[in-house]
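Subject: Structure handover

Hello,

Here is the structure I promised to pass on. Please open it alongside this message; my notes follow.

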Amino acid sequence: SMYAAGIAVMFLLFAAVGGAGTLLEEEESQTLERLMCSSLGMTRLLAGKWLLLTIVGVAQVTVMFAWAQLAFGVDLVGHLPGFAVMTAVTAGAASSLALALAAACRTRPQLNAVAIILILTMSALGGSMVPRYVMSGTMREIGRLTFNAWALDGYTKVFWRGLPLRALLPELTVLVAAAVVLFLLARLLARRWESV
């Protein structure tokens, strides 16, 4: 369950960035300019993209855990409520991060380069590649600055420790706060497209 969560979170981040990159493609093809001429507005456009990325992320993580149950005996069905809450919040936060990165970058290749470095660094420090419990105390504390660490701590509480939903409150609070702050950052950075 630990490795399923680690891989799922890392690939969730990559998939979200890939989906958010459509903003840059739409800017390049001038589709974004046409959308801004409509009554849609940037906030609603970003909210729509966020919702789509979140739904796709939830589906992706669900398929990965379903496979983990079938192939490796991870008890997904027995931990469904905790899994559902953690997955929805994790996918929402990943989507906000991806939108903020896309809004900060100028081109798709730039987004890909930044995302690869950032996601692999966060995954290494946050426990997606190597469990954090085998890291030194200093590295564990540094890892808590990453998105991955909070998501993996939540999944560990659900699958490994079998804790109730209320025990997930710290992880859910941090991930929801990250989702909101990163979405607001994406909205702020997206102002450049409104002035075109």
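Start where α8 meets α9. On the α8 side the residues are Phe147, Trp150, Ala151, Asp153, Gly154 and Lys157. On the α9 side they are Pro170, Glu171, Val174 and Leu175. By class, this contact has 6 nonpolar, 1 polar and 3 charged residues. This is a predicted model, so please read everything below in that light.

The geometry of the pair is as follows. Helix α8 covers residues 147-159, and its axis lies 9 Å from that of α9. The packing angle is about 150 degrees. Angles over 145 degrees count as roughly antiparallel, so α8 and α9 fall in that class. Their crossing is left-handed.

One residue in this contact deserves a look: glutamate 171. Helix α9 runs over residues 169-189 and holds glutamate 171. Is glutamate 171 buried or exposed? Its relative accessibility is 3%, so glutamate 171 counts as buried; the cut-off for buried is under 20%. What does its side chain pair with? The side chain of lysine 157 makes a polar contact with the side chain of glutamate 171, at 3.0 Å. Setting aside neighbours within four places in sequence, glutamate 171 touches Trp150, Asp153, Gly154 and Lys157. Those four residues are also among the α8 residues that meet α9.

α9 has another partner, α4. Helix α4 spans residues 42-72. The α4 and α9 axes are 10 Å apart, and the angle is about 135 degrees. That makes the pair oblique. The crossing is right-handed. From α4, the contact uses Met42, Thr43, Leu46, Ala47 and Trp50. From α9, it uses Phe183, Ala186 and Arg187. The class count is 6 nonpolar, 1 polar and 1 charged.

Two other residues of α4 are worth selecting.

Lysine 49 sits in α4. Its relative accessible area is 14%, so lysine 49 is buried. Its side chain makes a polar contact with the side chain of glutamate 26, at 3.0 Å. Outside its neighbours within four places in sequence, lysine 49 is in contact with Thr22, Leu23, Glu26 and Leu99.

Valine 58 is also in α4. At 27% relative accessibility, valine 58 counts as partly exposed. Beyond neighbours within four places in sequence, valine 58 is in contact with Thr87, Ala88 and Ala91. The C-alpha atoms of valine 58 and methionine 86 are 9.7 Å apart, with their positions 28 residues apart along the chain.

Next, α5 and α6. Helix α5 takes in residues 80-104, and helix α6 takes in residues 108-126. Their axes come within 10 Å and cross at roughly 140 degrees. α5 is therefore oblique to α6. The crossing is right-handed. Leu97, Leu101 and Ala102 contribute from α5. Leu111, Val114, Leu118 and Met122 contribute from α6. Which classes are present in this contact? There are 7 nonpolar residues, no polar ones and no charged ones.

Last, two spots toward the start of the chain numbering.

Glutamate 25 belongs to helix α2, residues 22-28. Its relative accessibility is 41%, so glutamate 25 counts as partly exposed. Glutamate 25 and valine 63 are 38 residues apart along the chain. Their C-alpha atoms are separated by 28 Å.

Glutamine 30 has a phi near 65 degrees, a positive value in a residue other than glycine. Most residues other than glycine have a negative phi. Glutamine 30 is partly exposed, at 45% relative accessible area.

If you have only a few minutes, select these. Take the side-chain pair of glutamate 171 and lysine 157. Then take the side-chain pair of lysine 49 and glutamate 26. Then check the phi of glutamine 30.

Best wishes

Notes
Residues are numbered from 1 along each chain as its sequence is written. This is a predicted model: local features need pLDDT of at least 70, side-chain atom pairs count only at pLDDT 80 or more; totals for chains, interfaces and linings use all residues. Side-chain values use heavy atoms; hydrogens and water are left out. Axes are lines fitted to C-alpha atoms, for helices over the stretch in contact, and angles run from 0 to 180 degrees between N-to-C directions. Angles under 35 degrees count as roughly parallel, over 145 as roughly antiparallel, 65 to 115 as roughly perpendicular and the rest as oblique. A crossing is left-handed if the near helix is turned anticlockwise from the far one by less than a right angle, and right-handed if clockwise. Contact means heavy atoms within 4.5 Å. Ala, Val, Leu, Ile, Met, Phe, Trp, Tyr, Cys and Pro count as nonpolar, Asp, Glu, Lys and Arg as charged, and the others, Gly among them, as polar. Buried means under 20% relative accessible area, exposed over 50%, partly exposed in between (1.4 Å probe, protein chains only). A polar contact is a pair of N or O atoms within 3.5 Å; within protein, one must be able to donate a hydrogen and the other to accept it, and residues adjacent in sequence count only if both atoms are side-chain atoms.
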